[in-house]
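Here are a few notes to read alongside the model. They go point by point, so keep the viewer open.

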Amino acid sequence: MSIRRAWIVARLDLHRLTRSKDYLVPLVILASIFFVIIPWVMLGIVSRAGGSDLIQRIGGVLQSLPQIAQDNVKGSTPQARAAYTFAVYLLAPVAIVVPLTISSAIGAYGLIGDREKGTGEYLAHSPLHTSEIFYGKLIAAFIPGYLATIAGFGVYALIVNTRVGGLLGGWFFPTPEWWILILWVVPPFIIFSLGVILWASGRVQSAPAAQQASTLVTLPVIVMAYGVTSGLALDPVRGAIGIGAVAWVVALLVLRFTSRGLKRERLLGTGSQN
Amino acid sequence: MIEPAIKFDDVSKSFGDTLAVDALTLTIPRGSVTVFLGPNGAGKTTTVRLTTGALVPDVGEITVLGLSSIADGHEVRKICGVVPPNPAFFDQLSGIDNLKYAAEIAKAPKRAIAPAAERFGITDALHRRVDGYSTGMRTRLALARAVLHDPEILLLDEPTAGLDPESSRAVLGLIREMAGKGQTIVMCTHLLHEAEGIADVVVLMGSGQARAVGNPHDLMASYASEKCVAIDAVDRSELAILANMPGVLAVNGDGPVKVTVEDMSIVPDLVKSLVDKGVDITRVEPHTPTLEYLYFEMQSALGDQL
């Protein structure tokens, strides 16, 4: 397998994607909702809540956490601690939900799309190895999701610092665990999901079936992501590194299996019997 | 002995219960133009797909210039150019972008793009998005894409379907040009008249098998061996008397009649008899069967095998 040739496939798909508003607009909207609108509203509520019931309740929830988790929540007032909890822990899964949703939407259509449009026939007759096609599709689906996450992360950091930074003594975000989350944990989660989705996309008969398969894969991963990232409060840095390491191992094992599963004849469209 | 370009050795391929290619054994000579004729479902497209290794046969072996289409599929696809039926493109991109990516994938030099586009008359449309192309332009672009890397073997599956006469001529010109350079061309077609004059080998496909294989001349001798002459006259109704003349086996046709005779040596006598009877003859020429005629004669001879 040649990385250079896989990159040709990826560039080709990315080029198509940039010319397709039908794809780009929903992706931008989705990233904006999760990285901008929800944080803006939630953190705005916390920053203005002062000594309200909401803050008291969040304080009560925090006190029910193990001491080690309580120690990791910064802030000298209940309001500041609530703001820190929201910004650093409760909204952290967003960092995984957004790229997963975007990448899986692109990945699910990757192979079946070529098959339905007939471009799969061109790829099937081309000198490309099936693994090069597979990895090309994977890269092409990975990049938009991950880029949206990086961009969203920057915007999110601005929102957090401007909305609640004052409560915590100035700009405090990104925290170390968020850097690790974005740079170390998110990529293997996307790769794992894409590996399975592309594998399924090469097997199903239609785009709707590929979307169904994609949902079946993505939903459990999102639920899992919520669980692990919310649990980062227990041991933020070591926890994030550990979760990332496990995710990388699983993702690479999945890739090893799924990249070999693409059969050239599955790229051919209907009418193969003529 | 002529070196084979493609060899099918007892190749079968089925899709579920449908046997698309059935024990196909066939040798396509190097440097030849081989035309696959046959109705829909005859196995022509599957045969093309098996050749490049895009499909894997259930049984049998295919070799392309000595390379196995399965074990050496990667190498085989490097030396093949394929124009599939209804060629598809990355429609959001322009024609030039499609060709640039194709050149990269096939490891063809970028300088090959302009001559290929010019050859098929799509230079002016290259910077437009492909989803705005007509059927003919798409086929031209597919042809340009297929020849970018100067393939040794060109597989054309219904290449002239939907093309205007000018584009069809360009396709046939390409075939002649490539054959002249010693390249091997395999063409599947329904348009028999377009294969006329370019086919070195004709393969009549039916039910996944090669029912008849040979050069057009030999096939004519086998399946269209009648001795015929075409005769025309100022008053065509007067030609009806031919039917009662000695040595005439059949008279067919409403315009210039096709006269089937026992032996071509009687033709001068027929003409003399007609003149003697006052028929004003305007034309007498040997009837040369067309490929289309041959196809239907073969179909008639092979009947339900197709």
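1. Start with the sheet in chain B of this predicted model. Six strands build an open sheet, and their order is S6-S7-S8-S3-S9-S10. The pairing is mixed. At the edges you'll find S6 (80–83) and S10 (209–214) of chain B; each has a single partner strand, so one side of each has no neighbour in the sheet. On average, neighbouring strands here are turned by 15° against each other, ignoring direction.

2. Now look at one pair inside that sheet. Strand S3 (residues 33–37) of chain B runs parallel to strand S8 (residues 184–189) of chain B, and five bridges join the two. If you want a spot to check, pick B:Phe36: its bridge partner in S8(B) is B:Cys188.

3. What lies across the sheet strands S3, S6, S7, S8 and S9 of chain B? That's helix H1 (residues 44–52) of chain B, which runs at about 150° to S7(B) (153–157).

4. Helix H8 (residues 216–223) of chain B has two sides worth comparing. Its buried residues are B:Pro216, B:Leu219, B:Met220 and B:Tyr223. Looking down the axis of H8(B), these buried residues fall within an arc of 105°, so they line one face of the helix. Turned away from that buried side is a face with the exposed residues B:His217 and B:Ala221. As background, an α-helix has 3.6 residues a turn, so residues three or four places apart point the same way.

5. Over in chain A, have a look at how helix H2 (residues 21–49) packs with helix H5 (residues 78–90): the angle is about 170° and the axes are 9 Å apart. Angles over 145 degrees count as roughly antiparallel, which means that H2(A) is roughly antiparallel to H5(A). On the H2(A) side, the contact is made by A:Met42, A:Leu43, A:Val46, A:Ser47 and A:Ala49. H5(A) brings A:Gln79, A:Ala82, A:Ala83, A:Phe86 and A:Ala87. By class, the residues of this contact between H2(A) and H5(A) come out as eight nonpolar, two polar and no charged.

6. Last, the place where the chains meet. How many residues of chain A are in contact with chain B? There are 24, and they touch 30 residues of chain B. Helix H1 (3–18) and helix H7 (119–125) of chain A each supply at least two residues of chain A's side. H7(A) gives the most to that side, with five residues. Sorted by class, the side of chain A that touches chain B has seven nonpolar, 11 polar and six charged residues.

Terms used. Residues numbered from 1 in each chain as written. Chains lettered and ligands numbered in written order. Predicted model: local features only at pLDDT ≥ 70, side-chain atom pairs only at ≥ 80, totals over all residues. Pairing = 2+ DSSP bridges. Helix = DSSP H or I, 4+ residues; strand = E, 2+ residues; numbered from the N terminus. Axes fitted to C-alpha atoms, helices over the stretch in contact; angles between N-to-C directions. Contact = placed C-beta atoms within 7 Å. Nonpolar A, V, L, I, M, F, W, Y, C, P; charged D, E, K, R; others polar. Buried ≥ 20, exposed ≤ 12 C-beta atoms within 10 Å, placed from the backbone. Arc of directions from axis to C-beta. Parallel < 35°, antiparallel > 145°, perpendicular 65-115°, else oblique.
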